[in-house]
Number of protein chains: 2
Amino acid sequence: MDRRAEDLTARARIRDAAIRLFGERGIEGASIRDIATAAGVSSGLVRHHFGSKEALREACDQYAKERMLEVSEELATSGGVAALDPVALHPRVFPLQLYLVRSMMDGSETATALFLGAVETIEDWSKGYGINPQDRRAYSAALAAIKLSVFVFRDQVSKALGEDITSPNGYARIGQGMLDVFSIPIITQDQVETIRKQEK
Amino acid sequence: MDRRAEDLTARARIRDAAIRLFGERGIEGASIRDIATAAGVSSGLVRHHFGSKEALREACDQYAKERMLEVSEELATSGGVAALDPVALHPRVFPLQLYLVRSMMDGSETATALFLGAVETIEDWSKGYGINPQDRRAYSAALAAIKLSVFVFRDQVSKALGEDITSPNGYARIGQGMLDVFSIPIITQDQVETIRKQEK
DNA sequence: ATCTTGACTACACGCTCGTGTAGTAGTTTG
DNA sequence: CAAACTACTACACGAGCGTGTAGTCAAGAT
């Protein structure tokens, strides 16, 4: 997580520690005392700045959302593979993505809204790109979920590759793996037709 | 979760309730008392049968693993799309998958071993199927993660589609969406080459 | 008829959690 | 210089947790 000038305050340290620990252990799994210790402050100060655990989580949601949208815009203007990646899948935002995924699984509305936004972005992009699936909405939702899957299973994927996917090399490999999934069709459109008829 | 003859015992009811609640709320999020209430027994009986929460989780891991492998074999022999789906993605095993994903995220070795097994199965399958990605291991790991992603984000995907993906209709739609992802290449192999050169 | 065993419950324990309260130190404001 | 405010800590609270213990009850063995 890269720092900004105002971010040397205790409040920012608490928020950063919360995002990291919530992301690693889940919301229930990380206690206020753990977060306070990680940030090098007393547990009372967490309460002083954020009021409650729920409010701390909302502050984290908001911050993660803002940062994600910032990075997303940066990548959109820089071109490259970015267009393929409306919700940025960039090593820089690993901790944020990890946190958002956990927050989503624990029912965060802000995080879920980000997901829905990503689905819409993919919908628009796929239209402009000339992709015409049977059910564009379902296609876009599947793609949005797919892009987050690597974060969810980062430990398992790392174990499968034999190297941490947060390392430059591991990240490059799994990124390449994803590109292969997106470039090599594993069934033909004809087969898809056949399956759909079977199901009816 | 479908029942078997022996499954009318209190022990089985506890295990089923545990798999459901662990899957819905995470391991930390579901207490022994919650599970006991859901199974219609006292919390002491959970301890009597399983010893500890950790042991209960391991029993759930083991049971989920066995059932998954059973279903996996069934689907493999029944042909159809099954070959495409070495780790069965079948509505029948939704609660099991949900549980295994949660257990995996909380560091279960049994669940992680299942994931690694799936990666190997996909590796073998992709070879026999004539798919030749740059990095077969990374490709297989990505595919394994992708297949589980729908379970992780089932609430978000359901919200995006406007209908529950555990319903027959919703399941058919997201299944179709996945098939479209696997049948429509979104970048060409040439573009992949270009990107790889850029990154170097 | 008594003993044993296993399924099952009730209840109490110590711990950690989120939260509440009181108070201190340093800076800002009048 | 005093008052007020803000960042911050220490400590106590009640609740819920996993766990431990004691005991009930029905069924089968001796």
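Author: A residue is near a molecule or strand if one of its heavy atoms lies within 4 Å of it. This is a predicted model, in which local features need pLDDT of at least 70 and side-chain atom pairs count only at pLDDT 80 or more, while totals for chains, interfaces and linings use all residues. Residues are numbered from 1 along each chain as its sequence is written, chains are lettered from A and ligands numbered from 1 in the order in which they are written, and side-chain values use heavy atoms, with hydrogens and water left out.

Reader: Which part of DNA strand C, sugar and phosphate or bases, supplies the atoms within 4 Å of the protein?

Author: Sugar or phosphate supplies 61% of those atoms of DNA strand C, and bases supply the rest. Of the 15 residues around this strand, I32(A), R33(A), R47(A), K53(A) and S42(B) come nearest.

Reader: What polar contacts does the side chain of K53(A) or of R33(A) make with DNA strand C?

Author: A polar contact is a pair of N or O atoms within 3.5 Å; within protein, one must be able to donate a hydrogen and the other to accept it, and residues adjacent in sequence count only if both atoms are side-chain atoms. Here an N or O atom in the side chain of R33(A) is 2.8 Å from a base nitrogen of DNA strand C, whereas the side chain of K53(A) has an N or O atom 2.7 Å from a phosphate oxygen of DNA strand C. From the other chain, S42(B) places a polar side-chain atom 2.6 Å from a phosphate oxygen of DNA strand C.

Reader: Which helix gives the most to the surface near DNA strand C?

Author: Helices are DSSP runs (H or I, at least four residues), numbered from the N terminus. Helix 3 of chain B gives the most to this surface, with four residues; for DNA strand D, the largest share, also four residues, comes from helix 3 of chain A.

Reader: Which residues are closest to DNA strand D?

Author: They are S42(A), I32(B), R33(B), R47(B) and K53(B), out of 14 residues that surround DNA strand D. A polar side-chain atom of S42(A) lies 2.7 Å from a phosphate oxygen of DNA strand D, and a polar backbone atom of I32(B) is 3.0 Å from a phosphate oxygen of that strand.

Reader: How are chain A and chain B related?

Author: Copies are superposed by least squares on the C-alpha atoms of residues with pLDDT of at least 70 in both. A turn of 180° and a shift of 0.0 Å along the axis lay chain B on chain A with an RMSD of 0.0 Å. The two copies are thus related as by a two-fold rotation axis.

Terms used
Helices (H or I, at least four residues) and strands (E, at least two) are DSSP runs, numbered from the N terminus.
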